[in-house]
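User: I am new to this structure and would like a close look at one part of it. Please take the place where the two chains meet, and then follow the elements and charged pairs around it into each chain.

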Amino acid sequence: MSTTNLQILQDACLSANLKMPSALDSLSARSDQLLKMIDEAHQAVCGINDGYFLQRMTQFSTWGYASGSTAQVTGSGPYTVANLSASALHSTLTSNGKMTIEDFSSKGKDRDVVRINYASGTSGTILSPWDRGAHAGTDLDWVYGQDEYDLASDVEHVSWMLCHRNGTSERPIFLEPVSLETIERIRSNRSTYISNAQPNFYCVFKHGAGPTYTRRVMFDPFPYRCTITYGYMKKPNTLYSSSAVYLDVPDKWVQGVLDCALEKYFSTYGMGAEGGNAGQDNPQRLVEVRQSWAEIQQEIQNEARVAAEQFRVDPETSTRIFYREGLGRNF
Amino acid sequence: MAYTALDLVNLALRRAGDETQVTTLASATDHALFLTRALDYTHKRICGMASWDWLRAATEIQLYPVLGGTATITGTALSSLSSTDGTLSYDGAADPVSPYIGAWVQTSSGSGENYRITAVGSNSACTLNDYYGSNGSGQTVTIAQDGFDLPSDFDRPLNADSFVTAPWAMEWRTPEDFLRARALYTGRRTGLIVQGKPQSYTLWGINTASAEANKRMRLFVDPFPDVGETVVIHYFKKPSTDLTSDSAYPLIPEKDHDVLIAGTLYRFFRDRLVDLNRAGAQKAAFVDGIRRMLGQSERTSDRPTMQPTNYRS
């Protein structure tokens with residue numbers, strides 16, 4: 001009992017007086033455009049607020065801090081830091097591991113932080129500018145930590161993050177969301193930039209490019225190896241597809257998706273009579289469709305208000321703030 | 001007596017001026033097909049519009065206890081679970097379903113890391129999201145579940161204070177408050193897995209492979225239940241079946257079926273016949289009907305209502 005892209009396209013075609021398709025892989029040009037508009041409308045409805053239907057939860061593991069005193073630097077640009085301890089680097093490292101390397105060139109650079117990429121479990125490619133050259137010996141002190149991690153590909157934005165442990169020196173932590181500036185200020189005010197511990201803070205600061213725009217999170221302190229569990233709002237499914245995809249929007253608001261798509265369609269292509277005589281252009285009809293879409297938007301936005309009236313009106317202010325500020329769900 | 005979906009579509013067909021009645025919705029075409037779908041959408045929309053008294057429902061939720069015991073762990077595979085508290089209650093389906101999916105796992109190996117169960121293969125075997133400890137048999141494990149599925153017709157809680165009832169007190173917390181209460185700095189909690197009678201609860205969305213279930217929420221409780229007790233929830237439900245089969249009944253009370261018909265015909269006249277005059281008349285009837293429905297309330301309503309003082313006597 002959930003609406004698919006084909007079902008809503010069929011309904012939209014019936015409304016727009018287009019031939020009703022029986023499959024998604026052989027659409028007419030107009031039906032294809034209508035499906036695109038349905039996809040846009042679905043994204044718009046999901047973007048109205050942080051709906052409960054977009055909530056998700058998942059987890060990932062961090063990779064621990066490592067250090068040693070036997071590193072060497074090879075190559076001539078790009079340089080490679082090698083002879084690290086076994087399995088110091090992990091293959092998930094993607095150009096964001098951070099390392100400090102002892103200054104063997106006596107230029108006073110032993111506190112600078114270089115970014116490295118995974119080459120093997122015991123070596124990494126230096127990505128940052130490097131003017132110290134190579135070092136054949138295997139006697140350099142090094143410290144490595146990975147503070148950045150990709151989030152799930154369907155993450156739109158994060159609501160909360162946990163690092164829960166039961167160990168003697170670690171505790172369940174509710175990570176505090178902070179700005180990137182705050183993280184860097186914290187780091188600059190301590191003696192060691194790459195300081196490892198259970199993370200206390202996180203910042204979702206980077207959105208990858210490409211079709212998924214994968215979000216990336218940064219922790220501080222640089223984490224131990226641990227499981228991070230987080231809750232988030234997902235991105236809506238892409239309905240413009242030749243295979244069956246379910247709408248994220250609850251059934252009660254599917255009419256809103258339909259009206260929003262029809263508004264786009266009528267205002268783009270008019271109400272042409274491809275399937276019969278019934279589709280003459282009628283400005284009043286466009287107004288009606290727009291109004292209907294506006295009414296359903298109101299219903300979606302009002303849901304929080306209706307529910308809020310039922311919450312107790314006492315100093316439980318955090319409840320209202322949490323729901324109203326887009327930090328959580330809206331019932 | 002309530003109308004079925006077939007009755008309502010035929011009623012709408014007559015009101016639309018179409019003399020031809022249909023005998024089944026399964027093979028409906030053209031006008032009957034449009035009306036069937038519009039009826040279903042309108043029904044779902046009306047049910048979600050307000051906290052209708054007639055959508056109030058109650059059901060029981062089974063909690064599952066913390067499992068303490070021993071197991072073999074190799075990589076991320078946990079097997080040979082032996083616990084006197086119960087099993088993973090794997091139902092044997094091709095797509096593994098278990099009340100312990102998503103549960104937290106703590107082992108005797110390592111530094112107290114908590115892992116999470118991502119799949120269950122049998123009553124005594126499951127897969128963890130990761131594992132950093134040493135492999136081997138006879139490891140002490142604690143498996144604790146705090147999230148429990150809500151019914152498929154769950155739309156939203158009745159309200160915060162009386163959503164969950166149990167023979168003991170339980171308090172609602174927002175998701176953030178709930179999670180902060182488990183933390184060291186804000187909750188003075190030194191370990192995640194604390195067993196006992198649940199005292200607080202919250203809701204959060206779930207992710208499963210099922211499209212419908214994806215829109216559902218889970219009830220989360222804390223502390224982790226030490227025994228598998230049952231709690232009662234009160235909620236507003238939503239239609240759990242489409243109004244597209246002949247014998248399906250709407251959730252809307254009989255006296256308001258005309259509102260459902262008006263909403264359906266509005267869309268039919270607007271988009272199928274493109275008769276804006278008739279569409280306008282149906283829209284007005286629909287809006288009036290919704291106003292009338294909003295004005296109705298049960299004496300025992302959970303909505304804010306104004307009552308004569310003698311109602312309380």
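Analyst: What follows starts with the contact between the chains, then turns to chain B and to chain A.

The model is a predicted one. Between them, chain B and chain A bury about 6,900 Å². Of this area, 52% is on carbon and sulfur atoms. Chain B puts 73 residues into the contact, and chain A puts in 77 residues.

The polar side of this contact can be counted in two ways. There are 11 salt bridges between chain B and chain A. Residue pairs in polar contact between the two chains, with both residues at pLDDT 80 or more, come to 25. On the side of chain B that touches chain A, helix H2 of chain B gives the most, with 10 residues. Sorted by class, that side of chain B holds 30 nonpolar, 18 polar and 25 charged residues.

One of the pairs across the contact can be named. A:Asp11 and B:Arg37 form a salt bridge in which the closest N and O atoms are 3.0 Å apart. Side chains of opposite charge can pair when their charged atoms come close.

Helix H2 of chain B, residues 30–49, also has a neighbor within its own chain. The buried residues of helix H1 of chain B pack against H2(B) and against helix H5 of chain B, residues 257–272. H1(B) covers residues 5–15, and its buried residues are B:Ala5, B:Leu6, B:Leu8, B:Val9, B:Asn10, B:Ala12 and B:Leu13. An α-helix has 3.6 residues a turn, so residues three or four places apart point the same way. Just after H1(B) comes B:Gly17, with a positive phi of about 85°.

H5(B), the other helix that H1(B) packs against, contains B:His257. B:His257 has a relative accessible area of 3% and is therefore buried. Leaving aside residues up to four places away in sequence, B:His257 touches B:Ala2, B:Tyr3, B:Leu8, B:Pro250 and B:Ile252. B:Leu8 is also one of the buried residues of H1(B). With B:Ile252 there is a polar approach as well: the backbone oxygen of B:Ile252 lies 3.0 Å from a polar atom of the B:His257 side chain. As a measure of distance across the chain, B:His257 and B:Thr127 are 50 Å apart from C-alpha to C-alpha, with their positions 130 residues apart in sequence.

Chain B also has a salt bridge within itself, between B:Glu229 and B:Lys197, whose closest N and O atoms are 2.7 Å apart. B:Glu229 sits in the loop between strands S15 and S16 of chain B and B:Lys197 in the loop between strands S12 and S13, so the pair ties together parts 32 residues apart in sequence. B:Lys197 is partly exposed, at a relative accessible area of 38%.

Salt bridges in the whole model come to 41 over all chains. In chain A, the side chains of A:Asp220 and A:Arg190 meet in one, at 2.9 Å from N to O. A:Asp220 belongs to strand S14 of chain A, while A:Arg190 lies in the loop between helix H3 and strand S12 of chain A, 30 residues apart. A:Asp220 is buried, because its relative accessible area is 1%, whereas A:Arg190 is partly exposed at 23%.

A second pair in chain A is A:Glu263 with A:Arg290, at 2.7 Å from N to O. This pair links helix H4 of chain A, which holds A:Glu263, to helix H5 of chain A, which holds A:Arg290, 27 residues apart. A:Glu263 is buried at 16% relative accessible area, and A:Arg290 is partly exposed at 40%.

A:Asp220 and A:Arg190 are also members of a network of salt bridges that share partners, and A:Lys98 is another member. A:Lys98 leads to strand S4 of chain A, residues 97–101, where five of the five residues are buried. Both faces of S4(A) are covered, with A:Gly97, A:Met99 and A:Ile101 on one side and A:Lys98 and A:Thr100 on the other. S4(A) runs antiparallel to strand S5 of chain A, with three bridges joining them, and A:Lys98 has A:Arg115 as its bridge partner there. S4(A) also pairs with strand S7 of chain A in the antiparallel sense, over four bridges. In S7(A), the bridge partner of A:Lys98 is A:Gly145.

Note on methods
Residues are numbered from 1 along each chain as its sequence is written. Chains are lettered from A and ligands numbered from 1 in the order in which they are written. This is a predicted model: local features need pLDDT of at least 70, side-chain atom pairs count only at pLDDT 80 or more; totals for chains, interfaces and linings use all residues. Side-chain values use heavy atoms; hydrogens and water are left out. Buried means under 20% relative accessible area, exposed over 50%, partly exposed in between (1.4 Å probe, protein chains only). Contact means heavy atoms within 4.5 Å. Buried area is the accessible area (1.4 Å probe) that two parts lose on being put together, summed over both. A salt bridge is a side-chain nitrogen of Lys or Arg within 4 Å of a carboxyl oxygen of Asp or Glu. A polar contact is a pair of N or O atoms within 3.5 Å; within protein, one must be able to donate a hydrogen and the other to accept it, and residues adjacent in sequence count only if both atoms are side-chain atoms. Ala, Val, Leu, Ile, Met, Phe, Trp, Tyr, Cys and Pro count as nonpolar, Asp, Glu, Lys and Arg as charged, and the others, Gly among them, as polar. Two strands pair if DSSP finds at least two bridges between them.
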